[in-house]
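Reader: I'm new to this one. Could you take me through a single part of it, slowly and in plain words?

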Amino acid sequence: MSRPWMPFYWGDYFRDTRHLTKLQHASYLMLIGHYWTHGGLPDDDRQLANITLSSLEEWQADKLVLQAFFYDGWKHKRIEAELVRTAKKTAQAKEKGQKGGLTTALNRDKLAWQAQRHK
């Protein structure tokens, strides 16, 4: 599923990440971005190093600091909540679109029937 944007709470981010180095910030943001676009993170150090644009050694040096933002391996509480919220909104919009499409089709059929009747 394509999710071209995500809500981002800068106040929360800066409050929670003041202790990170510049490279750790970059890595964390890359993890967040990958998580959002792919719906999760792999549990593989080589893949996580690639996602963060780090060497395996750099990744392993920062892994424990970054993993503190996640639970059950690589689950992220805020992103999971936003994914659920986005899925609900998408489903609601789809349902409304289907209802609107059905109404339009019924109205079109009714007009066509009336036009046939008056010929």
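Author: Let's look at the largest pocket and the salt bridges among residues there. This is a predicted model, where local features need pLDDT of at least 70, side-chain atom pairs count only at pLDDT 80 or more, and totals for chains, interfaces and linings use all residues. Residues are numbered from 1 along each chain as its sequence is written, and side-chain values use heavy atoms, leaving out hydrogens and water.

A pocket here is an open set of points on a 1 Å grid over the protein atoms alone, where a 1.4 Å probe fits, with protein on both sides within 12 Å along at least five of seven lines; its lining residues have an atom within 4 Å of a point. The largest pocket holds about 260 Å³ of space. Its lining takes in 17 residues, and Asp-12, Asp-16, Tyr-28, His-76 and Arg-78 lie nearest the centre. Helix α1 (a DSSP run of H or I, at least four residues) gives the most to that lining, 5 residues.

Now for the charges. A salt bridge puts a side-chain nitrogen of Lys or Arg within 4 Å of a carboxyl oxygen of Asp or Glu. Arg-15 makes one with Asp-12, at 3.0 Å between the closest N and O atoms, and another with Asp-16, at 3.2 Å. Arg-15 and Asp-12 sit 3 residues apart in helix α1, so about one helical turn separates them. Arg-15 is exposed at 54% relative accessible area, while Asp-12, at 25%, is partly exposed (exposed is over 50%, buried under 20%, partly exposed in between, with a 1.4 Å probe and protein chains only). A salt-bridge network links Asp-12, Arg-15, Asp-16 and Arg-78.

Methods:
Grid points are joined across faces, edges and corners, and a volume is the space filled by probe spheres set on the points. Helices (H or I, at least four residues) and strands (E, at least two) are DSSP runs, numbered from the N terminus.
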